[in-house]
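Reader: I should be grateful for a close look at one part of this model, namely the protein surface that meets the DNA. Please set it out as one connected account.

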Number of protein chains: 2
Amino acid sequence: MVNKQSPLPLYYQIEEHIKGLIDSGGLKPGDVLPSERELAESFNISRMTVRQAITNLVNKNLLYRKKGSGTYVSHHKFEQSLHGLTSFSEDMRSRGFEPGNKLIHFELSSPTEELVHHFSLQGEDLVYKIKRIRLANGEPMAIETSYIPVKLIPGLSQEILSKSLYQYVEEQIGIKLGHASQTIEASAATEDDAKHLQLELGEPVLFIQRETFQDDGAPFELVKSTYRGDKYKYKMNIERLR
Amino acid sequence: MVNKQSPLPLYYQIEEHIKGLIDSGGLKPGDVLPSERELAESFNISRMTVRQAITNLVNKNLLYRKKGSGTYVSHHKFEQSLHGLTSFSEDMRSRGFEPGNKLIHFELSSPTEELVHHFSLQGEDLVYKIKRIRLANGEPMAIETSYIPVKLIPGLSQEILSKSLYQYVEEQIGIKLGHASQTIEASAATEDDAKHLQLELGEPVLFIQRETFQDDGAPFELVKSTYRGDKYKYKMNIERLR
DNA sequence: AACGCATAGTTGTCTATACCAATTACCATT
DNA sequence: AATGGTAATTGGTATAGACAACTATGCGTT
C-alpha cells in the first residue's frame, strides 16, 4: 500500500492512493472516507501525515471536510481543466483524439525586441525558437511557436523536445512553474497558417498567446499558437462566480 | 502581536500579520521572510503552527518557498481575474473603456430543442431571450444573446435588465450562482454580426458561449456572445500549472 | 583566481501526543 | 413520539522534537 522505504514522501503516496480510489470508482462523489485515525492506523503512520495528504486533496477540490462528521469525495472535480492548458496532448486525448507533433523548426536565435523586453534579456543572450505543428488524429490542428531563453535550459535538444519538456525542466533543471497569463483572439489565417493548417487565406483562426512564469515570478516561456477556427474550440471552467 | 487567548486560531493571526506586512509595504516582492524557527521564537509559538500559516499563504500565491534558502514574497499577487468574466462592464472598465448597452430584443419565446435539453424544460415552459449590443466608448464591441428559463425569474422586466441582473437575482430571488462552463472559438461574421458590429461579412469574430449554473448545479443561463475579432482579446490568468 | 569541501542555516517530512469544537448516535425522560 | 442530555466520534488546533534534503557561504587548497 505505502512504502516507507520509498523516496516519495508518505503523504504523497497516500494522496496518490486516494486519487486512485476515486479514479477507479472505488470512491464515488459523496462517499465518506475512513476517519483520519482509521487511515493512520491502517497505513501504520501518524495521523498528522494522513492530514497532510488529505489537506492537499481538499485544496485541489477532490475532497471536502465536515467537522465532526467526516471527509467526503467532492462532486465537482473539474479544476483539472487548468492542467490541460499546458499540454496539447492531454487536451486532445480528453476530446478523444490521438495527439501528434511535427517539429518544423528548432534554432538558437537572437531575440526580437519583444522577447528582449519580455524576458529582460541583456547583451548576447539567445533564445530557443521552437516551431511545431500539432496534430489530432494525424490532421494538422495548430501551429505553435515557443520561445525560451537559452540560459534557462543550456542543454535543450530535439531529443528532449520529443519527450516531455515540462517534466524535464521540473525534474532535471529544477525550475518550478508557477502561473501563466493568456490572451485569446480571433484572427485571419496568414499565408503561413494556411499552408501548414490546410486552410484558405483569410479564414478565421484562434490565436492564443501564453506567457508562462516560474514560481518566483520570473518569465520562463512565451508561446504563440494558431488553431484552426473550424475545428478547435477552447474550453474552460470557471469555479466561483462571486 | 498574536493573542493566545483569542478565539481566532494562532495560525490565522500569523497569516493576517504577514498579509498586513505585505500590504503595508513592510515586506516587498522578492523579500525574504524570517526563517520559520525565528518566527516561531519571536511569536513564542511552535514552528509547525508557523508552517501552517505560511503554507496557507503559499497556497494563496502570496509567498513561495525555496528549500534550503527561505520563504519569499511573491511578485504577482493578481486577484481572481475570473470575476470579470461575469460582467462585460467590469471587463471594459479594467481595460480603460467606458462600457455601454443597447437592448435590441427582449421577449418570452418558446425554447429551441437545444434550450429544452440544456435547461431540462418540459411542457409549456418558456424562456427569456435577451439580445444586447455591448458598447465600449460608444463603439459596438459585441452582440450578446442570453437565454434564461422564465420559471426561474417570473417577473423579469426591461427595468431590471437596465440595472444589474445578477444582483437582482441574488438579492431578490435568492438564487446563488455557482460555476460556469465556457467555450471560445474563432468564426466568421454572419450578415447579422456584420450589420450590428460594423464589420464586413466573413471577417473573423470571437464566439463565446457560457453556461452558468446555480450552486446546487442546476442550469441558470445560457449566453452566446460574438465579439469583434479586430478589437477584442480575451484575457485570462492560470494560477497553478501543476 | 578558481575550485572543492565543510559547515551552518533553511525548508521538507514525519512522529507522538494533547486538547478543543462540531456532529452524530444513543438513551432516558417526558 | 418528542425532547433533552450525554457519550462517542470526527475533524481542528497546537506542541515538541527528530532527521532528511537542500542552499549559501566562507575557508583552505590548488
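Which atom of DNA strand C does a polar side-chain atom of R37(B) approach, and at what distance?

Author: The model is predicted, and the account below should be read with that in mind. A polar side-chain atom of R37(B) lies 3.4 Å from a base oxygen of DNA strand C. A base nitrogen of that strand also has a partner in chain B, for a polar backbone atom of G68(B) is 3.1 Å away. Several elements give two or more residues to the surface near DNA strand C: α1 (10–24) and α3 (47–59) from chain A, and α2 (36–43), α3 (47–59), β1 (63–66) and β2 (70–73) from chain B. Among these elements, α3(A) gives the most, with four residues.

The backbone of the strand is contacted as well. A polar side-chain atom of Y11(A) is placed 2.5 Å from a phosphate oxygen of DNA strand C. Y11(A) is also one of the residues that come nearest to the strand, together with L10(A), T49(A), R37(B) and R65(B), out of 28 residues around it. Of the strand C atoms within 4 Å of the protein, 65% are sugar or phosphate atoms, and the rest belong to bases. By class, the residues of this surface divide into six nonpolar, ten polar and twelve charged.

DNA strand D may be described in the same order. It is surrounded by 28 residues, of which R65(A), L10(B), Y11(B), T49(B) and K67(B) are the closest. Three polar contacts to phosphate oxygens of strand D may be named. An N or O atom in the side chain of Y11(B) is 2.6 Å from a phosphate oxygen of DNA strand D. A polar side-chain atom of T49(B) likewise lies 2.6 Å from a phosphate oxygen of the strand, and for T71(A) the corresponding distance is 3.3 Å. The elements that supply two or more residues to the surface near DNA strand D are α2 (36–43), α3, β1 (63–66) and β2 (70–73) of chain A, with α1 (10–24) and α3 of chain B. Here α3(B) gives the most, with four residues. Sugar or phosphate accounts for 65% of the strand D atoms within 4 Å of the protein, and bases for the rest. The surface near DNA strand D holds six nonpolar, ten polar and twelve charged residues.

The charged side chains also pair within the protein, where the count comes to 26 salt bridges over all chains. In one of these, the side chains of K224(A) and E114(A) meet at 3.1 Å, N to O. K224(A) belongs to strand β8 (residues 219–228) of chain A and E114(A) to helix α5 (residues 113–119) of chain A, so the pair ties together parts that are 110 residues apart in sequence. K224(A) is partly exposed, with a relative accessible area of 22%, and E114(A) is partly exposed at 39%.

Another salt bridge runs between E185(A) and K233(B), with the closest N and O atoms 3.7 Å apart. Because E185(A) lies in strand β6 of chain A and K233(B) in the loop between β8 (219–228) and β9 (234–238) of chain B, this pair joins two chains. E185(A) is buried, with a relative accessible area of 16%, whereas K233(B) counts as partly exposed at 38%.

Strand β6 (residues 177–188) of chain A also contains T183(A). This threonine is buried, with a relative accessible area of 18%. Leaving aside residues up to four places away in sequence, T183(A) touches F207(A), I208(A) and Q209(A), and across the chain boundary K233(B), Y234(B) and K235(B). K233(B) is thus a contact of T183(A) and the salt-bridge partner of E185(A).

Within chain B, the side chains of E144(B) and R132(B) form a salt bridge at 3.7 Å, N to O. E144(B) is in strand β5 (residues 139–149) of chain B and R132(B) in strand β4 (residues 127–136) of chain B, so that pair links distant parts of the chain, twelve residues apart. At 10% relative accessibility, E144(B) counts as buried, and R132(B) counts as buried at 10% too. Salt bridges that share partners join E36(A), R47(A), R51(A) and R65(A) into one network. This returns the account to the DNA, as R65(A) is among the closest residues to DNA strand D.

Conventions:
Residues are numbered from 1 along each chain as its sequence is written. Chains are lettered from A and ligands numbered from 1 in the order in which they are written. This is a predicted model: local features need pLDDT of at least 70, side-chain atom pairs count only at pLDDT 80 or more; totals for chains, interfaces and linings use all residues. Side-chain values use heavy atoms; hydrogens and water are left out. A residue is near a molecule or strand if one of its heavy atoms lies within 4 Å of it. A polar contact is a pair of N or O atoms within 3.5 Å; within protein, one must be able to donate a hydrogen and the other to accept it, and residues adjacent in sequence count only if both atoms are side-chain atoms. Ala, Val, Leu, Ile, Met, Phe, Trp, Tyr, Cys and Pro count as nonpolar, Asp, Glu, Lys and Arg as charged, and the others, Gly among them, as polar. Buried means under 20% relative accessible area, exposed over 50%, partly exposed in between (1.4 Å probe, protein chains only). Contact means heavy atoms within 4.5 Å. A salt bridge is a side-chain nitrogen of Lys or Arg within 4 Å of a carboxyl oxygen of Asp or Glu.
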